[in-house]
Each structure stands twice: as structure tokens, then as C-alpha cells.
Amino acid sequence: MKKKVVIPVIVLLILIALAAIFYVTPKTFGKNVNPSDVDHINVFDGNTGVGFTIDNPEDIQYIVENIQSYQMKKDGVSLGKMGYGLKITYIAGSDKTVILKFILNGDHTIRKDPFFYRCDGGLCFDYIKEIESRIEE
């Protein structure tokens, strides 16, 4: 009788441990993305409803490298949450292949469902907002 109880308990403990490791492991967005592979970046501002494209190679390199430079930690579940800051999509070449898609909610938060990811700050949110303001003029 003890064997019938012990095995499911051990399996359950292993699953809980694996889930905990998965949750606390940091994530780096676009760590395998080479900035030169990104032809342009599509951005949609969820606050203003404005969509625009970033195609300047220096801006693309700065944005990709900035996002890659931060290890993000999971900071809660994003499913069912409404609204967002900047929806970012890296696009490769003329074939319009999506390399990476995520939502930048500020200089310290990225949303990639089903989680929010957080760092101590420094993400290029304000940099992209500045590009948006130049494009609108």
C-alpha cells in the first residue's frame, strides 16, 4: 500500500520542482537574433493607436542589442490582462519572416504571453517613443 502512495507523491514533488525552476530561470529576449538579420522593426503603440516601422540600421542595432542585454525574470501571469505599451515585431528581409514578437510595456517590463518579465530598468522604451514622435512630425 505504501508503494502506491509514495510513487505519485515523488512524481508530484518532481513536477513542482521543475515548475519552480522554470519560473525562476531568467529569460533573454532575442538572444539568438543577429541585428543584421533584422530588416525592419514593426511597432504598434497600444496607447496612441499609432503603428510605424523602424528601418534605420543604427536604430535596429541599438534596439536589438538593448533588448538582448537584459536578463528578464518572470513577474506574474499576463493572460487575461488588457492593454499594452509597444507591440514590437522583428522582421527579416523581403520574405517578411517574423523573427521575434513581444510587447514592451515600459523601461523595465516585457510581456510575452503567458508571462510578464521584469528587469531593473534600462530597456529602450523611451528610445522607441522618441522615434515615434519624430515619425509623427
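Cys124 is located in the loop between β7 and α3 of a predicted model, in which local features require pLDDT of at least 70, side-chain atom pairs count only at pLDDT 80 or more, and totals for chains, interfaces and linings use all residues. Residues are numbered from 1 along each chain as its sequence is written, and side-chain values use heavy atoms, with hydrogens and water left out. Helices (H or I, at least four residues) and strands (E, at least two) are DSSP runs numbered from the N terminus. With a relative accessibility of 2%, Cys124 counts as buried; the term denotes under 20% relative accessible area, whereas exposed denotes over 50% and partly exposed the range in between (1.4 Å probe, protein chains only). Neighbours within four places in sequence aside, Cys124 is in contact (heavy atoms within 4.5 Å) with Tyr62, Ile63, Asn66, Ile67 and Leu104. The C-alpha atoms of Cys124 and Glu65 are 9.8 Å apart, with the two positions 59 residues apart in sequence numbering.

The protein contains three helices and seven strands, arranged along the sequence as α-β-β-α-β-β-β-β-β-α. The radius of gyration of the protein is 19 Å, against a value near 14 Å for a compact globule of 137 residues; this radius is taken over C-alpha atoms, and the globule rule is 2.2 Å times the number of residues to the power 0.38. The C-alpha trace spans about 75 × 30 × 25 Å along its principal axes. Of the 137 residues, 35% count as buried. Contacts between residues at least 6 apart in sequence join residues at least 24 apart in 64% of cases.

The search of the whole structure for aromatic pairs returned eight. Rings of Phe, Tyr and Trp (its six-membered ring) pair if their centres lie within 6.5 Å; planes under 30 degrees apart count as stacked, over 60 as edge-to-face and the rest as tilted. The pair of Phe22 and Phe115 is tilted, because the ring centres are 6.1 Å apart and the planes stand at 55°. This pair links distant parts of the chain, with Phe22 in helix α1 (residues 2-24) and Phe115 in strand β7 (residues 115-118), 93 residues apart. Phe115 has a relative accessibility of 14% and counts as buried. The pair of Tyr62 and Tyr127 is also tilted, with centres 4.3 Å apart and planes at 40°. Here Tyr62 belongs to helix α2 (residues 57-68) and Tyr127 to helix α3 (residues 125-136), 65 residues apart. Tyr62 is partly exposed at 39% relative accessible area, and Tyr127 is partly exposed at 27%. Ring pairs further join Phe22, Tyr23, Phe29, Tyr90, Phe102, Phe115 and Tyr117 into a cluster.

Two other loop positions were examined. Pro114 lies in the loop between β6 (109-112) and β7, and the peptide bond from Asp113 to Pro114 is cis, with omega near 20°. Most peptide bonds are trans. Gly93 is placed in the loop between β4 (86-92) and β5 (97-104) and counts as partly exposed at 27% relative accessibility. Residues up to four places away in sequence not counted, Gly93 touches Asp37 and Asp39. The C-alpha atoms of Gly93 and His40 are separated by 7.9 Å, although the two residues are 53 apart along the chain.
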